[in-house]
Amino acid sequence: MRLTYTIIFVVLIVILFNCAFVSRKSTKSIGNAVFWLVTSFIIPVFGNLIIIFSSNKLLSTIGYYIYFIGMDSAVMAIMYYSFKYCNIERRFKKVYYLIHSLVFIDCIQYIFNPFFHQAFTTEPITVDNRIYYSLNAFPGQTYHRIVCYGILLVAIAIFFMKIVTSPKIYVEKYAVILIALIFITLWETYYIVSKIPVDRSMIGFAAFAVLAFYFSLYYRPMRLLDQMLVNMVSNTKDAIYFFDKNRNCVWVNEPGRLLLDLVGDFESVPARLRDMFGEKEWSADEWCAKEVIDYKNIYDKNPENTSVKKYYYLEKHKVEDDRGEKIGSFISIRDITKEQLALEKERYNATHDSLTEMYTKEYLFQLFRNMLNENPDREYYVIYANINDFKIVNDIFGNEFGDFVLKYIASIIQSQVQDKGICGRLVGDTFGICIPVDEFDEESFEKELTHFTVSDGTVEHYILMHLGVYKVNKKELEISYMFDRARIALSTIKNDYKTYIAFYDHKMREDMLWEQHITTDLAEALKNNQIVPFLQPIVNSQQKVVGAEALVRWLHPEDGFLAPYRFIPIFEKNGMIAEVDKHMWEAACQLLSKWKKSGKEFFISINISPKDFYFMNVYEVIKEITTRYDIDPKMLRIEITETMMMNDAEKRFDIIRHFREGGFTVEMDDFGSGYSSLNMLKDMPVDLIKIDMAFLRKTKDSKMEKAMVIVHHVIRMLNELGLVSLTEGVEEEKQFSQLSSMGCSLFQGYYFSKPMPVKEFEDKYL
Ligand code: C2E
Ligand code: CA
Ligand code: CA
C-alpha cells in the first residue's frame, strides 16, 4: 500500500514537472499562471511522499511542514489561476491582497509550531508493519484548513459567478474547472474527516493541475468555434454553398437560397449554378471569377423586362482536414454590383469631360493608340477643331451661354463622327477627332461643323470653327504630336472666311520649326550685327545713281544668307518686325551720316512695315534717329505700303503728313500689287509712287501690251497729280527705255543692279 502510493506520487511529481516545463514555454498569457499552479502542486505531493515514505519522526514532521506550506502555495496558485482564467484579476484586487495576508499568517504560525505545537504534533502508528507518523491537529491546523477551504470556496465562487454571467457557449470552459474544483474540495474533506493516514486527495489535486494545464493551454472549444462559424456564415450577405467530397451540396445559407430561388433540398444547386453562371470549371478546387448577369432573361426576376445588370464575384475553395485531406469544398458568391457600378462611374468620370460628356484628352489619346494598334493597315485622320474667338462668346454672353455652345458643338461633332471614329474634348474650346480616312466626309464636316448659328432661345451667335487635319503617316508618333501637327495645319488658316479646313503637310511643320528657330535667334542676331542692310541703287532717267533702297539681309552663322522672305513675314506675325526695322533705320542713318561727311548726296529709302505702327510711334522713332545722326530728313525716304492704310486711314494719313512736314519724303511702295484704289491716290499725301513691275511679270505676253498701256496711263496720271513715279523691278533695257519715254523719272531693278552689300555699293558709287 505504502509502496503503491509512493509510486503514484512519484509519477504525479514527474507529470507535474513535465507540465511545468511546457507551460513555462507557453506564449499564452495564462501560461504563467498555469506554470505556478503546476509547480505549486508539486510541493504538497512531495510532502506527502516524504510522509508515506519515512518511518522517522523528524523526516515525517518535515514532510508535514512541506505538505501544509505546499498546500498554502497550491491554494494561492489556484487563486491566481482562477483570477487569470476568468479574467477578473483587476476587479478583485482587494480580495487578492486579503488572501495573501491570511496565507502569510498561516506560514508564520507553522514557523512557531515546533515551539508551541499550536498547529499539530505527530504520533507514531503502525501501518503495513512499519511505523508511520500520523497527525494530531490543534487550533493552528484548523486555521490552516479554514484558510485553504476559504480560498477554494472563493475560487469555486468565482467560477460559478463566471458560469452564470457568461454566454451559454462559454459555460463549458468554466464548468469543467468548477466541477474539478468541487471534486478536489470534497475529496480533501473526505480525507480530513476520515482520518485516513495518506492524503489520497493529492491525486485529485494533481489531476486538477493537469486538467487546468490542458484546458488553459490546449483545449480548443470546438463547439464554440463551430457555433461562431455557423453564425458567421449565416449572417454574411454572400451566398455560400458547401459541398461534400462527392460534390453533393450539403448546406446553403439564406442568401444562397435566395440567389438560386431554392426551395427544399440542395440537390438542384449545381444545376442551378450552371444555369445562372454558365459553364465554368465548377469541379476544380480553387478558382475565382467575375460574372455579369443581365436579369432581363433570368428567372422572371425582372417582370418589367428592362435590362438590370448585376455583377457577382464567385470564389471556390476546398476544405481540408487536419491531415490535409480534402473533405469538401465551398463556393461563395458575392453581389458586387454596387462596387462595380461605383467603379464604373469613377472610371467614366476619369475618362469623360464633365461638361460635354465627351472623352477626355488622355482617354481619347489612349483609345486612338489602341485603334492604331488594332488596325495597323487602316489610314487615319487626326483632326484638331477650334472655335474662333470663343473667349468673346464667354466675355459677351457669359459662361453659361459659353457652356451651352460647347455642349452644342460636342453634340454636332458626335453626330458627325458617330461610330465611324472617336472624338473628345481636348481642352477649353478645342476638340479632337480621330477617324479613318475613308470615313471622313470633308464636305459634310465643313457644312455642319465649321460655321453655324447657336441659339439657346434668347441668345443667338454665329460660330466659326476651324479644323486642322493631319493624316497619320507615322503610326509610332506620339498621339499628342499628331494633334500638334493637326494644330499646326489649323494655324495656317488665315481669317479669310473661306477656308475652314486645312490639311497638314510636312512643310507646315518645317515652317513652324523654322519660325521658332529664327525667333529665338533674333535678339542675338541684332546684337551681333548679323542683320545688315543691302543696298539696291535707284537711278534717274540718265541711269545715274541718285540713291538706294535699304533691304534687309540676315547673315546667319548657321543658316547662311537669309533673304527677307525667310523671316520678315514671321516677324510681322509675331511683332518682332519692329526690332528689325528700327535696326535697319539706324543702319541707314549711320550710312547717310557717313556719306554726308564725304559729301555724297545719295538718299536712302527705308521700308516701314504696316505692323510697325502697332508697336511704336514710327514718326517719333525715326525723327529721334535722324536727329541723333544729324541727318537731313530729305535724305531718308520713307517707304510705306498701301496695306498700312487698311486700318484707320485717317490716323495714318496724319502720320504721313507729319513725316512730310518734318521734311521727309514719303513713298508709296508696291503700287499696283495690292488693292490700290485710284481713289485713294488722290487723298494719299505721298511724294512718290513706286510701281512694282512684278505684277507685269505675271502677265502673259499677249496681255503685256495692255499692261504697259495701264502703266503708261498711271505714270501720266501721277505726273499730272504732281507725284514722282518710280518703277521698280526693271530687268531689261527695253523696259527702261519704254518707261523712260512714258515719263517715269526714277528706276530700280536688276537691270541696273541687284541689291548689294554696303561696301560694294560704296566702292562702286561713292
Ligand atoms: P520691296 O520693298 O518691294 O523690295 C524690293 C524687292 O524687289 C527686293 O527684294 C529686291 O531685291 C527685289 N527686286 C529689285 N529689283 C528686282 C528685279 O529687277 N527683279 C526682281 N525679280 N526683283 C527685284 P527683297 O530684298 O527680297 O525684299 C523683299 C521684300 O522684303 C521687300 O519688298 C520689302 O517688302 C521687304 N523688306 C526688305 N527689307 C525690309 C526691311 O528692312 N523692313 C521691312 N519692313 N521690310 C523689308
Ligand atoms: Ca520697298
Ligand atoms: Ca517694292
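I count as donors the N, O and S atoms within 3.2 Å of a calcium ion; water is not among the atoms, so a site may look incomplete. The model I am reading is predicted.

**Entry 1: calcium ion (ligand 3)**

I looked up the donors of the calcium ion (ligand 3) and read their order along the chain as D-D-x57-E. The atoms are Asp669 (OD), Asp670 (OD), Glu728 (OE) and Glu728 (OE), at 2.1 to 2.7 Å. Glu728 is thus listed with two OE entries. I then checked where the pair Asp669 and Glu728 sits, and found that it links distant parts of the chain, 59 residues apart. Asp669 belongs to strand β19 (residues 665-671), and Glu728 belongs to strand β21 (residues 724-728). Are Asp669 and Glu728 buried or exposed? I noted both as buried.

**Entry 2: calcium ion (ligand 2)**

For the calcium ion (ligand 2) I found Glu549 (OE), Asn607 (OD1), Glu639 (OE) and Asp669 (OD), at 2.0 to 2.4 Å. The spacing here reads E-x57-N-x31-E-x29-D. Glu549 and Asn607 again join distant parts of the chain: Glu549 lies in strand β15 (residues 545-556), Asn607 in strand β17 (residues 603-607), and 58 residues separate them.

I compared their accessibility with the cut-offs. Glu549 has a relative accessible area of 3%, so I entered it as buried, the limit being under 20%. Asn607 stands at 25%, and therefore I entered it as partly exposed.

**Entry 3: the bridge**

Which residue bridges the calcium ion (ligand 2) and the calcium ion (ligand 3)? I found Asp669 in that role, with the two ions 3.8 Å apart. Asp669 is a residue of strand β19 and is buried.

**Entry 4: ligand 1**

I next listed what surrounds ligand 1 and got 23 residues, the closest being Gln536, Arg553, Asp581, Glu731 and Tyr750. I then went through some polar atom pairs. A nitrogen atom of ligand 1 lies 2.9 Å from an N or O atom in the side chain of Gln536. The side chain of Asn607 has an N or O atom 3.1 Å from an oxygen atom of ligand 1; Asn607 is also a donor to the calcium ion (ligand 2). Asp670 places a polar side-chain atom 3.1 Å from an oxygen atom of ligand 1, and Asp670 is also a donor to the calcium ion (ligand 3).

How much of ligand 1 does the protein bury? Taken alone, ligand 1 exposes 790 Å², and the protein buries 80% of that. The space that ligand 1 takes is the largest pocket. I checked which elements give two or more residues to the shell, and wrote down β15, α19 (577-597) and β19. The largest share comes from β15, with four residues. Strand β15 also holds Glu549, and β19 holds Asp669.

**Entry 5: positive phi**

Last, I looked at backbone angles away from the ligand entries. Most residues other than glycine have a negative phi. Glu357 is not a glycine, yet I read a positive phi of about 65°. I placed Glu357 in the loop between α11 (337-351) and α12 (361-374). Its relative accessible area is 44%, so Glu357 went down as partly exposed.

Asp389 also has a positive phi, about 50°, although it is not a glycine. I found Asp389 in the loop between β8 (380-387) and α13 (390-397). At 53% relative accessibility I entered Asp389 as exposed, because the limit for that word is over 50%.

Methods. Residues numbered from 1 in each chain as written. Chains lettered and ligands numbered in written order. Predicted model: local features only at pLDDT ≥ 70, side-chain atom pairs only at ≥ 80, totals over all residues. Heavy atoms only, no water. Donors = N, O, S within 2.8 Å, 3.2 Å for Na, K, Ca; no water. Buried < 20%, exposed > 50% of the residue type's maximum accessible area, 1.4 Å probe, protein only. Near = heavy atom within 4 Å. Polar contact = N/O pair within 3.5 Å; in protein donor to acceptor, adjacent residues only side chain to side chain. Areas by Shrake-Rupley, 256 points an atom, 1.4 Å probe, with all protein chains shown as cover. 1 Å grid on protein atoms, 1.4 Å probe; cavity = no way out; pocket = protein on both sides within 12 Å on 5 of 7 lines; lining within 4 Å. Sits in = over half its atoms within 2 Å of the grid points.
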